[in-house]
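Here's a quick tour of the structure below. Have a look at it first, then read on for the main points.

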Amino acid sequence: MPKKELEVALISIPENLLDIIYTACRVCYSAQGAIDIIENITPDEDKKLELIKKVISSGHYSTIEHIQLTFAINNLSRAATHQLVRHRHMSFSQKSQRYVQEKGEFSYIIPQAIGANKVLCEKFKKHMQETTKLYLEFIENGIKSEDARSILPNSATSSLVASLNLRELIHLANLRLCTRAQFEIRLLVKKMCMLVEQKYPWLEEHLVPKCERLGYCNEDNSCGRVRQKNG
């Protein structure tokens with residue numbers, strides 16, 4: 001069956017995010033110890049943000065690595081999860097095609113470009129139906145899921161829990177919100193960023209494509225949105 005809508009939920013984020021980052025910022029430039037800083041922390045949110053923004057803008061990103069975020073994700077293709085797991089500073093727990101046996105027609109993602117072509121889209125769906133029949137035939141004949149899964153395509157949907165720190169989320173956004181990133185992973189990262197921005201709007205200026213942060217594009221093949229580095 002074709003996909004259900006991509007679902008993303010933010011299931012964990014520190015409620016005292018500003019206090020944590022502010023303390024990390026202060027301890028680097030203060031004679032006070034970390035415990036003294038956190039125990040006597042200012043209640044002035046604007047003062048905290050002023051220091052945090054100054055430190056982050058200077059490139060001192062270790063101060064935001066203490067913020068751990070966890071997301072639950074449904075209906076993402078295996079093709080997109082393969083891209084996501086390439087990010088080194090993330091942790092994943094993903095639905096196993098080895099232990100989870102597909103029942104009936106498996107759900108799958110129709111890539112945007114294929115979905116836009118009616119004729120090719122129908123051929124794509126037919127291919128998915130034939131793949132389902134063969135998969136179920138394997139299972140019915142005693143082939144284990146771990147072997148039958150070999151014929152499942154990259155478009156098969158998956159579900160996962162993903163965790164990362166705030167610095168890596170900014171890095172993820174800088175890379176995957178680029179218009180040249182594949183549509184599906186761009187949509188995923190946009191949803192992740194929007195959930196964080198709803199709680200902490202000041203992060204919006206950081207959760208952007210890298211061209212917005214740099215002021216130029218450093219890709220070899222630019223989309224033309226901004227000037228290239230040597231343009």
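## Starting inside the core

Leaving out residues up to four places away in sequence, Ile73 touches Leu6, Glu7, Val8, Leu84, Ser158, Ser159, Leu160, Ala162 and Leu188, where contact means heavy atoms within 4.5 Å. Bear in mind that this is a predicted model, in which local features need pLDDT of at least 70, side-chain atom pairs count only at pLDDT 80 or more, and totals for chains, interfaces and linings use all residues. Residues are numbered from 1 along each chain as its sequence is written, and side-chain values use heavy atoms, with hydrogens and water left out.

**The nonpolar cores**

- The largest nonpolar core has 41 residues, and Ile73 is among those with the most contacts inside it, along with Ile21, Leu69, Leu166, Leu169, Leu188 and Trp202.
- Two or more residues each come from helix 1 (17–28), helix 3, strand 2, helix 4 (78–84), strand 4 (157–165), helix 8 and helix 9.
- Helix 9 chips in the most to this core, with six residues.
- There is also a second, separate core of 11 residues, which includes Phe106, Tyr108, Cys121 and Met128.
- A nonpolar core here is a set of buried Ala, Val, Leu, Ile, Met, Phe, Trp, Tyr and Cys residues joined through side-chain atoms within 4.5 Å.
- Helices (H or I, at least four residues) and strands (E, at least two) are DSSP runs, numbered from the N terminus.
- In soluble globular proteins, nonpolar side chains tend to be buried together.

**Two buried residues to look up**

- Met192 lies in helix 9 (residues 183–199).
- With 0% relative accessibility, Met192 counts as buried; the cut-offs are under 20% relative accessible area for buried, over 50% for exposed and in between for partly exposed (1.4 Å probe, protein chains only).
- Setting aside neighbours within four places in sequence, Met192 is in contact with Val8, Phe71, Leu164, Leu169 and Leu172.
- From Met192 to Asp44, the C-alpha to C-alpha distance is 28 Å, and the two are 148 residues apart in sequence.
- His206 sits in the loop between helix 9 and helix 10 (210–214).
- His206 is buried too, at a relative accessible area of 15%.
- Apart from neighbours within four places in sequence, His206 is in contact with Ile56, Ile170 and Asn174.

**Helix 6 from end to end**

- Helix 6 (residues 118–140) has 23 residues, so at 1.5 Å a residue it should span 33 Å, and its end C-alpha atoms are indeed 33 Å apart; the expected span is 1.5 Å times one less than the number of residues.
- Asn117 caps the N-terminal end of helix 6, with a side-chain oxygen 3.2 Å from the backbone nitrogen of Val119.
- Just after helix 6, Gly142 takes a positive phi of about 85°.
- Which residues of helix 6 are buried? They are Cys121, Phe124, Met128, Thr131, Thr132, Tyr135 and Ile139.
- The cover over those buried residues includes helix 5 (112–115) and helix 7 (145–148).

**Aromatic rings**

- The whole structure holds two aromatic pairs.
- One of them is Phe106 with Tyr108, which is edge-to-face: 6.0 Å centre to centre, 65° between the planes.
- Rings of Phe, Tyr and Trp (its six-membered ring) pair if their centres lie within 6.5 Å; planes under 30 degrees apart count as stacked, over 60 as edge-to-face and the rest as tilted.
- Phe106 and Tyr108 are both buried.
- Ring pairs link Phe106, Tyr108 and Phe124 into a cluster.

**Salt bridges**

- How many salt bridges does the structure hold? There are nine, each a side-chain nitrogen of Lys or Arg within 4 Å of a carboxyl oxygen of Asp or Glu.
- Arg167 forms one with Glu65, the closest N and O atoms being 2.6 Å apart.
- Arg167 is in helix 8 (residues 166–176) and Glu65 in the loop between helix 3 (45–57) and strand 2 (68–77), so this pair ties together parts 102 residues apart in sequence.
- Arg98 pairs with Glu146 in another salt bridge, at 2.7 Å between the closest N and O atoms.
- That pair links distant parts of the chain, with Arg98 in the loop between strand 3 (90–94) and helix 5, and Glu146 in helix 7, 48 residues apart.
- Glu122 and Lys125 meet in a salt bridge as well (3.9 Å, N to O).
- Both Glu122 and Lys125 lie in helix 6, three residues apart, about one turn of the helix.
- Asp19, Glu45 and Lys48 are joined into one network by salt bridges that share partners.

Methods: A polar contact is a pair of N or O atoms within 3.5 Å; within protein, one must be able to donate a hydrogen and the other to accept it, and residues adjacent in sequence count only if both atoms are side-chain atoms.
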